[in-house]
Amino acid sequence: MLAAVSGTGEHVPRNRAAWERWAAEYAAPGLRNWAAAEPSWGIWGISEAHTGVLPADLEGRDSIELGCGTGYVSAWLARRGARAVGLDNSAAQLATARQLQDHFGLRFPLIHASAEQAPFASASFDLAISEYGASIWCDPYTWIPEAARLLRLGGQLIFLVNSVLLMLTVPDADDQPAAERLLRPYFGMHRFEWPDDESVEFHLGHGDMIRLLRGCGLEVEDLLELRPEPDATTRYPFVTLEWARKWPCEEVWKARKSS
Ligand SMILES: C[S@@+](CC[C@H](N)C(=O)[O-])C[C@H]1O[C@@H](n2cnc3c(N)ncnc32)[C@H](O)[C@@H]1O
């Protein structure tokens with residue numbers, strides 16, 4: 001099993017700098033997602049009705065979104081009755097989230113911090129959620145114990161990530177889509193850096209992820225493997241629809257704090 005990493009590593013300021021640069025590109029998709037009547041997930045925008053990512057009852061639940069970006073997931077949660085909090089490492093992303101809050105007249109706290117060291121007391125939340133936020137930009141050996149700390153007993157952790165299969169088949173060149181053959185080893189997968197890109201991502205194999213979650217007192221409830229509709233589109237070049245119809249390119253983990 002991979003060695004644990006404690007504290008916040010040098011990837012946190014590197015990823016903060018990267019997201020300050022990229023934030024402007026996320027304003028228009030953020031607006032579209034805020035405006036959407038129903039939640040939809042991941043790079044293909046698969047509907048909540050098809051995925052069942054969210055808990056059925058969010059009324060009065062305390063939720064925290066770890067790596068909220070423009071804040072649309074928290075907006076969906078708030079509209080369903082949750083007391084939502086969004087946390088993000090990038091001031092620029094949070095500035096967009098604040099503008100969208102004003103635009104839609106829906107306000108909830110936005111916290112500028114790293115999800116690896118969240119400024120909240122233990123057992124403050126019923127739901128911790130992340131869609132391509134802390135779930136890929138933070139070290140899982142740091143953010144998952146931190147998310148477990150934030151949750152009350154019986155609370156749920158839900159997070160969406162690139163699938164393991166995608167991470168093994170996507171070429172280093174960022175304009176090339178995932179291949180139909182394995183390009184890198186599965187064993188030891190953890191930290192990913194791409195040529196010409198200063199950001200750092202983290203992705204674990206399934207066995208390591210299950211052991212990590214269980215080691216944090218989180219019982220795995222589900223692993224949703226997302227499949228886009230035949231006519232789905234995406235703005236991202238790293239996977240084709242043909243590929244994603246054959247293999248899952250995204251997965252959603254659901255785990256509940258049991259101890
Ligand atoms: C792709 S956005 C996620 C938001 C939205 N769900 C989306 O898919 O556009 C990734 C976000 O993770 C944030 N992030 C990166 N590292 C983080 C950290 N250590 N703590 C909290 N947020 C972080 C970035 O600032 C960015 O806003």
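**Close-up views of a predicted model**

In this predicted model, Arg191 and Glu193 are joined by a salt bridge whose closest N and O atoms lie 3.0 Å apart.

**View 1. The salt bridge of Arg191 and Glu193 belongs to a network.** The network of salt bridges links Glu10, Arg14, Arg191 and Glu193. Both partners of the pair shown can be placed by their accessibility. Arg191 has a relative accessible area of 35% and is partly exposed. Glu193 is also partly exposed, because its relative accessibility of 42% falls between the limits of 20% and 50%. Side chains of opposite charge can pair when their charged atoms come close. Over the whole structure, the search returns 15 salt bridges.

**View 2. A salt bridge connects Arg152 with Asp126.** The N to O distance between these two side chains is 3.1 Å. Arg152 belongs to strand E7 (residues 151-162) and Asp126 to strand E6 (residues 125-131), so the contact ties together parts that lie 26 residues apart in sequence. Arg152 is partly exposed, with 29% relative accessibility.

**View 3. Glu219 pairs with Arg214 in a salt bridge.** The closest N and O atoms of Glu219 and Arg214 are 2.6 Å apart. Glu219 has a relative accessible area of 35% and counts as partly exposed.

**View 4. Glu201 is a buried residue without a salt bridge.** Glu201 sits in strand E9, which covers residues 200-202. The nearest side chain of opposite charge is that of Arg184, at 9.3 Å. A salt bridge requires a separation within 4 Å, so Arg184, at 9.3 Å, does not form one with Glu201. The side chain of Glu201 does have polar contacts. One of them, at 3.1 Å, is with the side chain of Trp194. Another, at 2.7 Å, is with the side chain of His203.

**View 5. The ligand is surrounded by 19 residues.** Those that come nearest are Tyr72, Asp88, Gln93, Ala115 and Glu131. An oxygen atom of the ligand lies 2.6 Å from a polar side-chain atom of Asp88. A ligand nitrogen is 2.8 Å from a polar backbone atom of Ala115. For Glu131, an N or O atom of the side chain is 2.8 Å from a nitrogen atom of the ligand. The ligand taken alone exposes 580 Å², and the protein buries 95% of that area. The surrounding shell is made up of 10 nonpolar, seven polar and two charged residues.

**View 6. Ala123 has a positive phi.** Most residues other than glycine have a negative phi. Ala123 is not a glycine, yet its phi is about 55 degrees. The residue lies in the loop between strand E5 (110-112) and E6. Ala123 is partly exposed, at 40% relative accessibility.

**View 7. Tyr132 is another non-glycine residue with a positive phi.** The phi of Tyr132 is near 55 degrees. Tyr132 is located in the loop between E6 and helix H6 (134-137). Its relative accessibility is 18%, and Tyr132 counts as buried because the limit for that class is under 20%.

**View 8. His112 and Asp197 mark two positions separated by 23 Å.** The distance is taken between the C-alpha atoms of His112 and Asp197, which are 85 residues apart along the chain. His112 is in strand E5. With 39% relative accessibility, His112 is partly exposed.

**View 9. Ala75 and Asp174 mark two positions separated by 31 Å.** Along the chain, Ala75 and Asp174 are 99 residues apart, and the 31 Å separation is that of their C-alpha atoms. Ala75 is part of helix H4, residues 72-79. At 0% relative accessibility, Ala75 counts as buried.

Definitions and conventions: Residues numbered from 1 in each chain as written. Predicted model: local features only at pLDDT ≥ 70, side-chain atom pairs only at ≥ 80, totals over all residues. Heavy atoms only, no water. Near = heavy atom within 4 Å. Polar contact = N/O pair within 3.5 Å; in protein donor to acceptor, adjacent residues only side chain to side chain. Areas by Shrake-Rupley, 256 points an atom, 1.4 Å probe, with all protein chains shown as cover. Nonpolar A, V, L, I, M, F, W, Y, C, P; charged D, E, K, R; others polar. Helix = DSSP H or I, 4+ residues; strand = E, 2+ residues; numbered from the N terminus. Buried < 20%, exposed > 50% of the residue type's maximum accessible area, 1.4 Å probe, protein only. Lys, Arg positive; Asp, Glu negative; His and termini not counted.
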